[in-house]
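Here are my notes from going through this one, in the order I'd look at things on screen. Have the viewer open while you read.

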Amino acid sequence: SNYSVTYTPVTTGSITAKELTVSGVTASDKTYNGATDATLDTDSATLVGVVDGDTVTLDTSSAAGAFSDDNVGTDKTVSVSGLTIGGADSSNYSLTQPATTASITARAITVTAVTDSRPYDGTTDSSESPSITSGSLATGDTVTWTQSFDNKTVGTGKTLTPAGTVSDGNSGSNYSVTYTPVTTGSITAKELTVSGV
C-alpha cells in the first residue's frame with residue numbers, strides 16, 4: 001500500500017504454434033513396380049501433442065505415401081504427406097508429417113527359351129531370343145535375353161537354355177527371374193563340298 005504501481009504493457013510478445021505429430025499411420029508392403037507410390041492405412045491415425053481441452057481434428061482424406069526410392073528392400077522409409085488439421089483451435093498448432101516403413105519385394109517373371117534349328121557351326125550359339133511367359137516388366141525397364149544350346153553337336157531334342165540381364169537401375173535385383181529351358185532345339189549336319197576333283 002506504500003506504492004502506486006503503474007503497469008505498462010508492450011506489444012512485442014509472441015506465442016508460436018505448438019508442433020503436433022501423428023502416430024498410427026502404416027504402409028503396406030508391395031511388389032516392385034518401378035514407382036515409389038505406397039498404400040497407406042490411416043484408420044488408426046492419431047494426433048499427438050494436443051493440449052487438453054483444445055479441439056483439433058486430423059484430416060487424412062488427402063494422405064499419400066512415397067517410398068524413399070523404387071528399389072527392392074526391407075523396412076524402407078515411407079514418407080507421408082497430405083495430412084491436415086482442423087477444428088476450433090487448429091490455428092494454435094502446426095503439423096509435422098509422419099514417416100513409416102514398409103518393404104518392396106522382387107517382381108517375379110519367367111523367361112522361357114524358344115525352339116531353334118540351325119546347321120552345325122562349332123558353337124552353342126542360338127540366334128533366337130527367349131520370351132517372358134509369366135509376369136511382366138515394370139514400365140521403363142528393359143531386358144537383354146539370350147539362349148544357347150546345351151552342346152554344339154548335331155542332334156534333335158536338344159536343350160536350349162535362356163539367360164539374360166534386366167536393366168532396372170538396380171543391377172536387376174528388383175526381379176526374381178526363373179529361366180525355363182526347352183528341349184526342342186536341333187542342330188543339323190553342316191553340308192560340305194569337295195573341290196579339286
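1. In what order do the 5 strands of the open sheet come? Reading across, the order is β3-β12-β9-β8-β4, and the pairing is mixed. Keep in mind that this is a predicted model. As a reminder, strands of a sheet pair through backbone hydrogen bonds, either parallel or antiparallel.

2. Start with the edges. β3 (30–31) and β4 (37–38) each have a single partner strand, so one side of each is left without a neighbour in the sheet. β3 pairs with β12 (residues 99–105) in the parallel sense, over 2 bridges. If you want a spot to click on there, K30 has I104 of β12 as its bridge partner. At the other edge, β4 runs antiparallel to β8 and is joined to it by 2 bridges.

3. Next, β8 and β9. These two strands run antiparallel, with 4 bridges between them, and a hairpin of 5 residues makes the connection. A66 is a handy landmark: D37 stands opposite A66 on one pairing, and S79 in β9 stands opposite A66 on another.

4. Which residues of β8 point to the buried face, and which to the other? Along β8 (residues 64–67), G65 and F67 point to one face and are buried, while A64 and A66 point to the other and are not. That is the textbook pattern: in a regular strand the side chains alternate between the two faces of the sheet.

5. On to the core. The largest nonpolar core has 13 residues, and the members that touch the most others are Y32, F67, V78, A102, I109, W145 and Y175. β12 and β13 (107–112) each supply at least two residues of this core. F67, then, is a buried residue of β8 as well as one of those well-connected core members. There is also a second, separate core of 10 residues, with A45, V80, L83 and L95 among them.

6. A102 deserves a closer look. Leaving out residues up to four places away in sequence, A102 touches A27, S28, D29, F67, T74, D75, K76 and V78. Of these, F67 and V78 are also listed among the well-connected members of the largest core.

7. Now the charges. Side chains of opposite charge can pair when their charged atoms come close. A search of the whole structure turns up 4 salt bridges. One of them joins D37 to K30, with the closest N and O atoms 3.4 Å apart. Is K30 buried or exposed? K30 counts as buried because its relative accessible area is 14%, under the 20% cut-off. D37 is partly exposed, at 39%.

8. Another of the salt bridges joins D69 to K76, and here the closest N and O atoms are 2.8 Å apart. K76 is buried, with a relative accessible area of 10%, and D69 is partly exposed at 30%. K76 is also among the residues that A102 touches. A further pair is D121 with R118, at 3.1 Å between the closest N and O atoms. R118 is buried at 11% relative accessibility, while D121 is partly exposed at 44%.

9. Two backbone oddities to check. Most residues other than glycine have a negative phi, and most peptide bonds are trans. D75 is not a glycine, yet has a positive phi of about 50°. D75 is found in strand β9 and is exposed, with a relative accessible area of 58%. S171, also not a glycine, has a positive phi of about 55°. S171 lies in the loop between β17 (155–167) and β18 (175–180) and is exposed at 76%.

10. Last, the segment before β1 (18–23). Y7 is found there and is exposed, at 73% relative accessibility. Together, Y3, V5 and Y7 make a nonpolar surface patch of about 470 Å². I15 has its place in the segment before β1 too, and is exposed with a relative accessible area of 87%. How far apart in space are I15 and N92? From C-alpha to C-alpha the distance is 8.7 Å, although I15 and N92 are 77 residues apart in sequence.

How values were computed:
Residues numbered from 1 in each chain as written. Predicted model: local features only at pLDDT ≥ 70, side-chain atom pairs only at ≥ 80, totals over all residues. Heavy atoms only, no water. Pairing = 2+ DSSP bridges. Patch = residues over 30% accessible without salt bridge, like charges linked within 9 Å, V, L, I, M, F, W, Y side chains within 5 Å. Areas by Shrake-Rupley, 256 points an atom, 1.4 Å probe, with all protein chains shown as cover. Salt bridge = Lys/Arg side-chain N within 4 Å of Asp/Glu carboxyl O. Buried < 20%, exposed > 50% of the residue type's maximum accessible area, 1.4 Å probe, protein only. Core = buried A, V, L, I, M, F, W, Y, C linked by side-chain atoms within 4.5 Å. Contact = heavy atoms within 4.5 Å.
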